Amino acid sequence: MAIKTRSYCIDGKRVMTIDEFKRWLKKFDEDKDGKISRDELADAVRASGGWFARRKSKYGIRSVDDNGNGLVDDNEIKNLADFAEKHLNVRILHL
């Protein structure tokens, strides 16, 4: 099942709402635990056309993981959305 997003901007960034971003991330949650691991985030980086997926995912988890458990959960999604805007060629619409 493909997740459809709104569009792409002139700068090539994929534009989506926070809910669309959550649904997009959910397809990378391989173990279906509701949390995004470093490996799952690396898969998302690769899927978005990003380079250095392992490095970016390690940095991403470290920078958004408030509770230090090594995973991104629902409470940290906003932080991950901010990270994605800076590093994953995504623009999040905050409606």
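Partly exposed denotes a relative accessible area between the buried limit of under 20% and the exposed limit of over 50%. The legends below describe close-up views of a predicted model.

**Figure 1. Salt bridge between Arg-46 and Asp-43 within helix H2.** The N to O distance between the two side chains is 2.8 Å. The partners are 3 residues apart in helix H2, about one turn of the helix. Arg-46 has a relative accessibility of 43% and is therefore classed as partly exposed. Asp-43, at 23%, also counts as partly exposed.

**Figure 2. Salt bridge between Asp-39 and Arg-54.** The closest N and O atoms of this pair lie 2.5 Å apart. The contact links distant parts of the chain, with Asp-39 in helix H2 (residues 38-47) and Arg-54 in helix H3 (residues 53-64), 15 residues apart. Asp-39 is partly exposed at 43% relative accessibility, and Arg-54 is partly exposed with a relative accessible area of 44%.

**Figure 3. Salt bridge between Asp-82 and Lys-78 within helix H4.** Here the side chains meet at 3.0 Å, N to O. Both residues belong to helix H4 (residues 77-87), where they are 4 residues apart, about one turn of the helix. Relative accessibility is 26% for Asp-82, which counts as partly exposed; Lys-78, at 45%, is likewise partly exposed. The structure holds 3 salt bridges.

**Figure 4. The span of residues 16-51, annotated in UniProt as "domain: EF-hand".** The annotation comes from an unreviewed entry. Helix accounts for 53% of the span and strand for 6%. The C-alpha atoms at its ends are 21 Å apart.

Terms used: Residues are numbered from 1 along each chain as its sequence is written. This is a predicted model: local features need pLDDT of at least 70, side-chain atom pairs count only at pLDDT 80 or more; totals for chains, interfaces and linings use all residues. Side-chain values use heavy atoms; hydrogens and water are left out. UniProt positions are given in the numbering used here, feature names are shortened, and annotations may be inferred rather than shown by experiment. Helices (H or I, at least four residues) and strands (E, at least two) are DSSP runs, numbered from the N terminus. A salt bridge is a side-chain nitrogen of Lys or Arg within 4 Å of a carboxyl oxygen of Asp or Glu. Buried means under 20% relative accessible area, exposed over 50%, partly exposed in between (1.4 Å probe, protein chains only).
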